[in-house]
Amino acid sequence: MSSGAGGLPALVKTRRALGLVGEEARVRGWVYRKRDLGGKIFVVVRDSEGVMQVVVDRATAPPEAVRAAEAATIESAVEAWGRVEADPRAPGGAELRAEGFVLHSRAEDFPIKGGEGVDYLLDVRHLWIRSRRLTAVWRLRHVALHAMRRYLDENGWWEVSPPILTQSAVEGGATLFEVNFFGRKAYLSQSAQFYLEALIYSLERVWSLTTSFRAERSRTRRHLYEYWHLETEEAWARMRDSMRVAAELVAAAVRGVLEGASEELSLLGRSTEPLERAARPDYPSITYDEAVELLRRKGVSVEWGDDLGADEERVLTGYFDTPFFVTHFPKHLKSFYMKPDPGRPEVVLGFDLLAPEGYGEVIGGSEREDRYEALLARIREEGLNPDEYRWYLDLRRYGSVPHSGFGLGVDRLVMWIAGLDHIRDSLPFPRFRDRIYP
Ligand code: 4AD
Ligand code: MG
């Protein structure tokens with residue numbers, strides 16, 4: 001297996017090279033681990049797809065290759081070529097016996113050696129993101145996003161690009177980040193929903209993937225200040241239609257990961273059984289009333305009308321082994337734009353999708369109030385300024401139709417699929433209150 005330049009073997013990814021036993025290959029990447037046993041130097045090289053052991057034998061390798069391997073430090077950029085041989089002791093079951101070894105760039109003493117605390121690791125996040133574990137999360141995340149995009153694409157959804165700088169709150173003033181916009185107040189978007197609603201009158205089924213911002217008061221394992229939000233909005237759709245899309249989207253992501261990121265799942269130590277159960281979109285659904293009943297049965301003291309927080313959600317997930325919906329929340333718990341149930345106006349046609357295994361809410365959605373007067377009344381009731389929502393109200397004046405949609409927290413979905421215990425590791429550069437670096 002030879003290529004042009006200098007007669008060197010073809011350059012391949014480590015994952016591919018592991019399968020080329022008996023052939024020549026060339027790999028490049030960064031030094032993940034190194035042991036010098038005198039006769040041989042073992043260099044484990046890491047690239048975007050995995051790791052491979054390179055063996056530089058002092059007795060047989062060219063002297064310049066030996067010198068380069070000796071000089072290589074952890075995280076140095078290197079390249080090596082030679083014959084691939086099976087060896088059960090090597091990671092992946094094969095190793096590369098070096099006939100050549102080049103040191104492209106020697107790394108200084110790498111500040112992460114293992115065993116450091118989380119605080120320190122967050123300070124060097126720009127280096128920590130190279131870890132095999134986090135790299136597996138980035139790949140899994142890519143695969144999940146790709147599967148959702150494919151699902152939407154194949155089912156007639158238009159991808160649109162709403163703004164991030166906005167003029168008013170979607171999800172309440174308490175979590176707004178304010179921006180000075182040429183001397184006027186603007187905000188970072190909490191949700192693209194209102195813009196998507198405006199777009200359904202031309203495109204009917206729209207979706208977007210944007211960052212959303214929430215100035216959350218409390219620190220939790222599942223809240224970010226800046227997160228990735230996948231939102232859909234559909235004309236002519238009722239709450240149940242939107243719930244079906246939500247379930248199919250999540251099931252598509254799960255199937256995508258099971259098929260396309262199985263190595264990542266095993267590297268993360270993630271059990272696939274819960275994921276296999278979630279691969280079909282027939283998720284159960286309970287009402288808020290039933291949720292209250294189920295909570296009481298487990299001894300949780302909760303009154304009808306109380307909000308269900310992370311603790312209550314965790315208890316509810318004990319009843320289900322797949323994702324499940326909670327619907328028909330009391331009106332006062334949810335946003336003003338949710339349409340009340342015509343048969344029972346004290347509850348709204350809103351739904352949450354909760355991930356099992358204690359994870360809780362990953363999606364929030366609803367049927368929207370599509371009547372001008374009713375929406376205006378709700379805006380006033382909430383003490384909001386109707387002027388700020390004039391364009392949003394306008395949408396109910398020119399050909400209003402029933403419509404529904406939802407927002408999916410991508411980071412929360414990845415957190416559950418990957419089995420992470422903190423949302424910060426679902427994305428490379430999470431923002432923290434005391435740390436907007438790196
Ligand atoms: O439930 P939320 O607040 O709903 C909305 O924003 C709607 N306007 C969406 C819509 O209907 N188009 O947020 C939707 C989802 C949540 O279910 C959660 O997964 C995620 O966004 N989310 C967060 N993820 C990480 N950190 C936070 N601080 C989050 N807040 C919400
Ligand atoms: Mg919500």
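The following exercises, each with a worked solution, deal with the cavities and a strand barrel of this predicted model.

**Exercise 1.** Find how many cavities of 30 Å³ or more there are, and describe the lining of the largest cavity by class.

*Solution.* Begin with the count, which comes to two cavities of 30 Å³ or more. Turn next to the largest cavity, which holds about 70 Å³ of space and is lined by Thr166, Ser168, Val170, Ser189, Gln190, Ser191, Phe194, Tyr195 and Trp391. Sorting these residues by class then gives four nonpolar, five polar and no charged residues.

**Exercise 2.** Describe the second largest cavity by its volume and by the classes of its lining residues.

*Solution.* The volume of the second largest cavity is about 30 Å³. Its lining is made up of Leu122, Arg125, Phe429, Pro430, Arg431, Phe432, Arg435, Tyr437 and Pro438. By class, six of the lining residues are nonpolar and three are charged, while none is polar.

**Exercise 3.** Trace the closed barrel strand by strand, and state which helix packs on this sheet.

*Solution.* Follow the five strands in the order β1-β2-β3-β5-β4, in which the pairing is mixed. Neighbouring strands of the sheet are turned against each other by 55° on average, with direction ignored. Look then at strand β1 (residues 24-36) and strand β2 (residues 40-47), which run antiparallel and are joined by six bridges; in this pair, Trp30 stands opposite Arg46 in β2. Finally, the helix packing on the sheet is α2 (residues 63-71), which touches β1, β2, β3 (50-57) and β5 (94-105), and whose direction makes about 75° with that of β5.

Note on methods. Residues are numbered from 1 along each chain as its sequence is written. Chains are lettered from A and ligands numbered from 1 in the order in which they are written. This is a predicted model: local features need pLDDT of at least 70, side-chain atom pairs count only at pLDDT 80 or more; totals for chains, interfaces and linings use all residues. Side-chain values use heavy atoms; hydrogens and water are left out. On a 1 Å grid over the protein atoms alone, a cavity is a set of points where a 1.4 Å probe fits but cannot get out, and a pocket is an open set with protein on both sides within 12 Å along at least five of seven lines; lining residues have an atom within 4 Å of a point. Grid points are joined across faces, edges and corners, and a volume is the space filled by probe spheres set on the points. Ala, Val, Leu, Ile, Met, Phe, Trp, Tyr, Cys and Pro count as nonpolar, Asp, Glu, Lys and Arg as charged, and the others, Gly among them, as polar. Two strands pair if DSSP finds at least two bridges between them. Helices (H or I, at least four residues) and strands (E, at least two) are DSSP runs, numbered from the N terminus. Axes are lines fitted to C-alpha atoms, for helices over the stretch in contact, and angles run from 0 to 180 degrees between N-to-C directions. Contact means heavy atoms within 4.5 Å.
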